[in-house]
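The following exercises ask the reader to work through the protein surfaces that face DNA and the contact between two protein chains. Please consult the sequence and the structure shown here before reading each solution.

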Protein chains: 2
Amino acid sequence: MNHTMQDILLEPRAREILKHIISSYILTGEPIGSRTIAKISREGLSSASVRNVMADLEEHGYLSQPHASAGRVPTDKGYRYYVDALLPDVVVGSRERAFIDQNLGRAGGELSAAMEAIPKLLAHLTSQVGYLLSPPISDVRLKHIEFLKLHERRVLVIFVDRTEIVSHRVLDMDQDFEQSDLDRAGRYLVGEFSGLSLNEIRESLVRLMAEEKATVDRIIANAIKLGTSYLDSESDERRMLLDGTTNIMNHPELSDTDTVRRLFQTFEEKHHLVKLLDQCLDPNRPRVLIGSENTDPALGGLSLVASPYRHADGATGWLGVLGPTRMEYDRALALVVYISRLFSTLLTHRNA
Amino acid sequence: MNHTMQDILLEPRAREILKHIISSYILTGEPIGSRTIAKISREGLSSASVRNVMADLEEHGYLSQPHASAGRVPTDKGYRYYVDALLPDVVVGSRERAFIDQNLGRAGGELSAAMEAIPKLLAHLTSQVGYLLSPPISDVRLKHIEFLKLHERRVLVIFVDRTEIVSHRVLDMDQDFEQSDLDRAGRYLVGEFSGLSLNEIRESLVRLMAEEKATVDRIIANAIKLGTSYLDSESDERRMLLDGTTNIMNHPELSDTDTVRRLFQTFEEKHHLVKLLDQCLDPNRPRVLIGSENTDPALGGLSLVASPYRHADGATGWLGVLGPTRMEYDRALALVVYISRLFSTLLTHRNA
DNA sequence: TATTAGCACTCGAATCAACCGAGTGCTAAA
DNA sequence: TTTAGCACTCGGTTGATTCGAGTGCTAATA
C-alpha cells in the first residue's frame with residue numbers, strides 16, 4: 001500500500017537521530033554534524049556514537065554528504081521517511097486560523113474572489129508558491145446560460161455554474177441569430193439541463209441531435225447549435241492560479257540563475273503542474289510529493305504539498321504549496337489541509 | 001520643448017564616435033575601447049585621437065568608465081542623445097510584419113484575444129518584457145449592459161463596451177430584485193446611455209437622481225441603484241497585461257539575484273508600471289524612457305519604450321516593451337509603433 | 001594647430017599556494 | 001557497546017602574483 005512501509009522499522013535511536021537531523025536541517029539549511037546532534041539529543045550520546053548511526057543512515061540512503069568532510073543532509077528518501085513516519089502533529093495556530101477565516105470569509109459575495117485569495121494566502125503563510133487548480137470544466141454543473149447577440153454572427157455566451165462562478169466567451173457562429181431566438185435557446189437549455197455537468201449536457205445534446213424533434217423544432221435546433229458550439233470551444237482547460245512565485249528566489253538552494261529561470265518559465269506555462277496533479281494524486285486525501293518523486297524535469301527538485309477540495313456535487317480541485325525539498329512539511333501540510341476543508345464547506349454551502 | 005535640445009549641437013566627429021560606441025555596446029555588452037572604434041570608424045582616425053574625443057564625451061556626461069582601465073560605456077544621458085538624435089531609422093521587416101499581422105488577425109473574433117496576444121508578441125519579438133495597458137475603464141463606452149439575478153440579493157452584471165470587450169462582476173445589493181425588474185433596468189440604461197463613457201454615465205445618473213422623475217418611476221429608480229452600484233464597484237482599475245517577464249533574466253546586467261527579485265515583485269504588483277505610464281507620458285506620441293529617467297525605484301535602471309493606441313472614441317491605452325537600458329532602441333521602437341498603429345485600426349474598425 | 005606614436009601606469013580578473021576548521025572514519029581503550 | 005583520541009579530507013578564505021586591455025600624457029610629426 002505504502003511503498004516505504006518496509007523501512008518504517010528503523011530502530012528507535014536511528015529514528016530519533018534522523019528526525020533531529022532533518023528538522024535541524026529544515027530550520028537552518030546547513031549540513032548537520034555529529035556533535036550538534038549529540039548535544040541536542042537527550043539520550044546523552046557521544047558524537048562518535050551518533051557518527052556510527054549516521055553512517056548507517058547514509059548507507060541505507062536516508063542521508064548524504066555534500067562532500068567528504070561536511071555534515072549530513074537529508075536525501076529525498078530521508079524526507080519521505082520523515083513525512084510518512086516522523087512528522088510531528090501540527091495544528092494551525094488560532095491567530096493564523098482567524099487570519100485565514102477572515103480572508104476567505106471577506107470574499108463572501110463572490111466565490112471566485114475566495115478562489116483567487118487562496119493561493120495568495122498560502123504563499124503568504126508559507127513563504128512559498130501557493131496554487132489552486134479548479135476542477136475540470138466538464139465536471140462543472142449548469143445553473144444558468146445566456147446568449148447575447150453582439151454583431152451579426154458574433155454571440156456572447158454567459159455561463160454560470162452552480163457555485164455561481166461566472167465565465168463568458170464570444171462565439172463566431174456560421175449563421176445569424178435574432179436576439180429573441182437566442183433568448184429562447186438559453187431558456188430551453190436551462191430548463192432542460194440545469195444541474196447537469198457539462199459532460200452530461202454534451203452527451204444529451206448529441207442524443208438530441210439524433211432525434212426527430214431536433215430537425216422539426218427550431219428552438220431545439222438552435223439550442224443544440226449554440227450549446228455544442230459553446231461546449232466545443234471549451235478546450236477543457238482548468239484554471240490554475242499561482243501566487244508568490246517570487247518567494248522561490250528567497251530560498252538559497254534554488255536561487256541560482258538557471259534554476260530560477262527554469263522555474264519561472266514553468267510557472268508561466270502552467271500545464272506542467274496541472275499534469276502532475278492529475279496524474280500522481282489520489283483525489284481522496286492530501287499528499288506530499290518530494291523532490292525527485294515528481295518526475296517532471298521542469299519542476300525537478302521541488303516538493304509539492306497538495307490537498308483536494310470538493311464541490312457538493314463531486315467535482316474535485318486541488319490546492320497546496322510548492323517549494324524546495326527543504327520545506328516545513330508539518331506546517332505546510334497543516335495549512336493546506338485546513339484551507340481545503342474550509343473552502344470545501346464554503347463551496348457546499350453556496351451550492352445549497 | 002525637448003530638454004536635451006541644447007546638446008544636439010555636438011560636433012559631427014563626436015556624434016559619429018558616440019554613435020559607434022553606443023551601437024557596439026548595445027550589440028556586445030562589453031565596454032568599448034578606443035582601438036575598436038578607430039578600426040570601425042571610416043574616418044581612419046588613430047586610437048589616440050579617438051581617446052581624446054572619448055575623454056571629451058565623458059567630461060560632458062555621455063560616457064563613463066566602469067573602472068579606470070576599462071573601455072567606455074554609455075550613460076543614460078548618452079542613450080538619451082542616441083535615441084533623440086542618432087537613432088537609425090528602422091522599418092519592421094516584411095517577414096516580421098507578416099508574423100505580426102497574422103497573430104493579431106487570427107484573433108479576429110475576440111478583441112480581447114488580440115489584446116492578450118500583444119504583450120506576448122512584443123516579448124517574443126524583442127526578447128524583453130512586453131506590456132499592454134488598457135484605457136481607464138471610466139473612458140470606455142457602453143454598448144450593452146445586462147443584469148442577472150443569481151440569488152436573493154446577488155446580481156450578476158454583464159458589461160459590453162463598444163469594442164465588444166466583455167466584463168462581468170457580481171454585486172451584493174441591499175435589496176431584492178425580480179429578474180423582470182433587472183431586465184427593465186438594463187434596457188433602460190442601454191436605451192438611455194448607449195455610446196456614453198462610464199464617466200459620463202456616472203454624471204448622468206447623479207443628475208437623474210436629483211430629478212423628480214427618479215423618485216416616481218420605479219424602472220428609473222432601479223436603474224439608478226443598479227447602475228451606481230456597478231460603477232462604484234469599479235475601483236477604476238485598468239488592465240495591465242505583461243508577458244515575457246522571464247526574459248529579463250537572460251540579460252546579464254540584470255541577472256543578479258537581488259535585481260531579479262525586485263523586478264519580479266514589481267511585475268506582480270503592476271501599479272508601479274501603470275503609474276509610470278500615466279504620469280510621464282504624452283498620449284499623443286511614442287516615447288522612450290531611459291534608465292534613471294524613470295524615477296520609480298522599483299523599476300530603477302530599466303528602460304521603457306511605449307506607444308499609445310487609441311479607440312475611435314478617444315480612449316487611450318499604452319503598449320510597449322520594458323528592458324535593460326542596453327536595449328536595441330531602434331528595433332524596439334519600430335515594433336512598438338507598428339503594433340500600436342495596427343491595433344488602433346483594428347479597434348476603430350470593430351467600433352464601426 | 002591637429003594628429004599620432006610611444007610609453008608608463010592602472011586596475012580588474014584569473015591563477016595559485018597556504019591555511020583554517022568543521023567534520024569524518026577508524027582504532028583502541030573503557 | 002560506547003567513547004576518547006587522532007589522522008585525514010576537503011571546501012572556503014586569504015593574499016600574492018601575473019596578465020592584459022585600455023587609459024592619459026608627452027613629445028614628435030604633418
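Helices (H or I, at least four residues) and strands (E, at least two) are DSSP runs, numbered from the N terminus. The model is predicted, with local features needing pLDDT of at least 70 and side-chain atom pairs counting only at pLDDT 80 or more, while totals for chains, interfaces and linings use all residues. Residues are numbered from 1 along each chain as its sequence is written, and chains are lettered from A and ligands numbered from 1 in the order in which they are written.

**Exercise 1.** Find which element gives the most to the surface near DNA strand D.

Solution. A residue is near a strand if its C-beta atom, placed from the backbone, lies within 6 Å of it. Around DNA strand D there are 19 residues, with A:Ser49, A:Ala68, A:Ser69, B:Gly33 and B:Ser34 the closest. At least two residues each come from H3 of chain A and from helix H2 (34–40) and H3 of chain B, and H3(B) gives the most, with 4 residues.

**Exercise 2.** Repeat the analysis for DNA strand C.

Solution. DNA strand C is surrounded by 19 residues, the closest being A:Gly33, A:Ser34, B:Ser49, B:Ala68 and B:Ser69. Here H3(A) gives the most, with 4 residues.

**Exercise 3.** Describe how chains A and B share their contact.

Solution. With contact defined as C-beta atoms, placed from the backbone, lying within 7 Å, chain B and chain A contribute 25 residues each. On the side of chain B that touches chain A, H11(B) gives the most, with 6 residues.

Conventions. Two residues are in contact if their C-beta atoms, placed from the backbone, lie within 7 Å.
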